[in-house]
Structures are given as C-alpha cells and as structure tokens.
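Here are my notes on this one, written as numbered points. Keep the viewer open and click along as you read.

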Amino acid sequence: MGYKFNEEQKNSVNHTNNPLWIVAGPGSGKTEVLVVRTLKLIFVEGVNPKSIILTTFTKKASRNLLDRILEYSRLIVEKYPELKTTDVNSLRIGTLH
C-alpha cells in the first residue's frame with residue numbers, strides 16, 4: 001500500500017451509490033483501485049464481503065486480486081485489531097468465464 005492514486009483512480013475508490021465498472025489498460029493501476037475500493041467498502045463502510053463480486057478476465061488476475069486483498073486486510077487488522085472479526089474470505093472473486 002503506498003500507491004499514489006491519480007484523480008480518476010481516487011474517484012473510483014470513493015465511488016458510491018451504484019455498481020462500478022472499471023475498464024483500463026495493462027499497468028494502469030486498476031487492480032490496486034479494485035483492492036483498495038473493496039477494502040474501503042468492507043472496513044470503512046461496513047459492507048458484508050458476501051455481497052461483493054469482483055470479476056476479471058483471467059484466473060491469474062483473480063488470484064492476484066485475492067492475494068492482495070488478503071495481504072492488505074492482514075495489515076489493516078494488525079494496525080486495527082478491533083476489525084479482526086471481518087472475514088474477507090467470503091468475497092466472491094473469479095473470472096468472467
């Protein structure tokens with residue numbers, strides 16, 4: 001974590017009130033935006049992880065999403081132990097296939 005978001009990425013992380021569809025090219029930071037947005041929804045806004053669906057085009061990308069979410073959530077819980085009861089493992093992450 002320490003990635004510097006541009007304005008469009010910040011807007012995507014802070015998007016509210018309806019689904020968000022992010023379309024961007026390779027290396028544009030879309031995975032980081034999805035990870036941070038997902039963690040914000042769960043840890044800040046109290047959204048149940050079971051109600052979140054993240055889709056990608058490849059199994060490798062979906063595994064990368066899950067790995068980052070698990071690692072960042074571990075770091076968050078280390079810093080804020082009161083959030084330990086949140087189970088990010090119930091997220092639904094997969095491919096479009």
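1. Start with the side chain of Thr38, which reaches the backbone oxygen of Leu34 at 2.6 Å. Thr38 is found in helix α2. Keep in mind throughout that this is a predicted model, so every distance here is computed from predicted coordinates.

2. Is Thr38 buried or exposed? Thr38 has a relative accessible area of 2%, and anything under 20% counts as buried, so Thr38 is buried. Who does Thr38 touch, once you leave aside its neighbours within four places in sequence? The contacts are Ile52, Leu54, Ile69 and Leu91.

3. Now step back to the whole chain. The secondary structure comes to 3 helices and 2 strands, and reading along the sequence gives the pattern α-α-β-α-β. The radius of gyration is 13 Å, close to the 13 Å that the globule rule gives for 97 residues, so the protein is as compact as a globular protein of that length.

4. A few more overall figures. The C-alpha atoms fill a box of roughly 35 × 30 × 25 Å, taken along the principal axes. Of the 97 residues, 27% count as buried, and Thr38 is one of the buried residues. What about contacts between residues at least 6 apart in sequence? Among those, 65% join residues at least 24 apart.

5. Next, the pockets. The largest pocket holds about 830 Å³ of space. Which of its 29 lining residues are the closest to its centre? They are Leu20, Trp21, Ile22, Leu34 and Thr55. You have already met Leu34: its backbone oxygen is the one reached by the side chain of Thr38.

6. Where does the lining of the largest pocket come from? α2 (30-44), β1 (53-56) and α3 (59-79) each supply at least two residues, and the largest share, 6 residues, comes from α2. Sorted by class, this lining has 16 nonpolar, 10 polar and 3 charged residues.

7. The second largest pocket holds about 170 Å³ of space. Its lining includes Asn6, Glu8, Gln9, Ser12, Lys30 and Val33. Trp21 and Ile22 are also part of that lining, and both are among the residues closest to the centre of the largest pocket.

8. Which helices supply at least two residues each to the lining of the second largest pocket? The answer is α1 (7-13) and α2, and the largest share, 3 residues, comes from α1. The classes here divide into 5 nonpolar, 5 polar and 2 charged.

9. Ser12 deserves a click, since you just saw the name in a pocket lining. Ser12 lies in helix α1. The relative accessible area of Ser12 is 16%, which is under the 20% cut-off, so Ser12 counts as buried. Not counting its neighbours within four places in sequence, Ser12 is in contact with Leu20, Ile22, Val33 and Arg37. Of these, Ile22 and Val33 also line the second largest pocket.

10. Move on to the loop between α1 and α2, where you will find Thr16 and Asn17. How do their side chains meet? A polar contact of 3.5 Å joins the side chains of Thr16 and Asn17. Thr16 counts as partly exposed at 41% relative accessibility, whereas Asn17 is exposed, with a relative accessible area of 78%.

11. Two extra things to check in that loop. Phi of Asn17 is near 75°, a positive value in a residue other than glycine. As for Thr16, how far is its C-alpha from that of Arg63? The two are 47 residues apart in sequence and 26 Å apart in space.

12. Last stop: Leu70, in helix α3. Leu70 has a relative accessible area of 29%, and values between 20% and 50% count as partly exposed, so that is the label Leu70 gets. Leaving out residues up to four places away in sequence, Leu70 touches Val88 and Asn89. Try placing Asp87 as well: the C-alpha atoms of Leu70 and Asp87 are separated by 9.8 Å, with their positions 17 residues apart along the chain.

Notes:
Residues are numbered from 1 along each chain as its sequence is written. This is a predicted model: local features need pLDDT of at least 70, side-chain atom pairs count only at pLDDT 80 or more; totals for chains, interfaces and linings use all residues. Side-chain values use heavy atoms; hydrogens and water are left out. On a 1 Å grid over the protein atoms alone, a cavity is a set of points where a 1.4 Å probe fits but cannot get out, and a pocket is an open set with protein on both sides within 12 Å along at least five of seven lines; lining residues have an atom within 4 Å of a point. Grid points are joined across faces, edges and corners, and a volume is the space filled by probe spheres set on the points. Helices (H or I, at least four residues) and strands (E, at least two) are DSSP runs, numbered from the N terminus. Ala, Val, Leu, Ile, Met, Phe, Trp, Tyr, Cys and Pro count as nonpolar, Asp, Glu, Lys and Arg as charged, and the others, Gly among them, as polar. Buried means under 20% relative accessible area, exposed over 50%, partly exposed in between (1.4 Å probe, protein chains only). A polar contact is a pair of N or O atoms within 3.5 Å; within protein, one must be able to donate a hydrogen and the other to accept it, and residues adjacent in sequence count only if both atoms are side-chain atoms. Contact means heavy atoms within 4.5 Å. The radius of gyration is taken over C-alpha atoms; the globule rule is 2.2 Å times the number of residues to the power 0.38.
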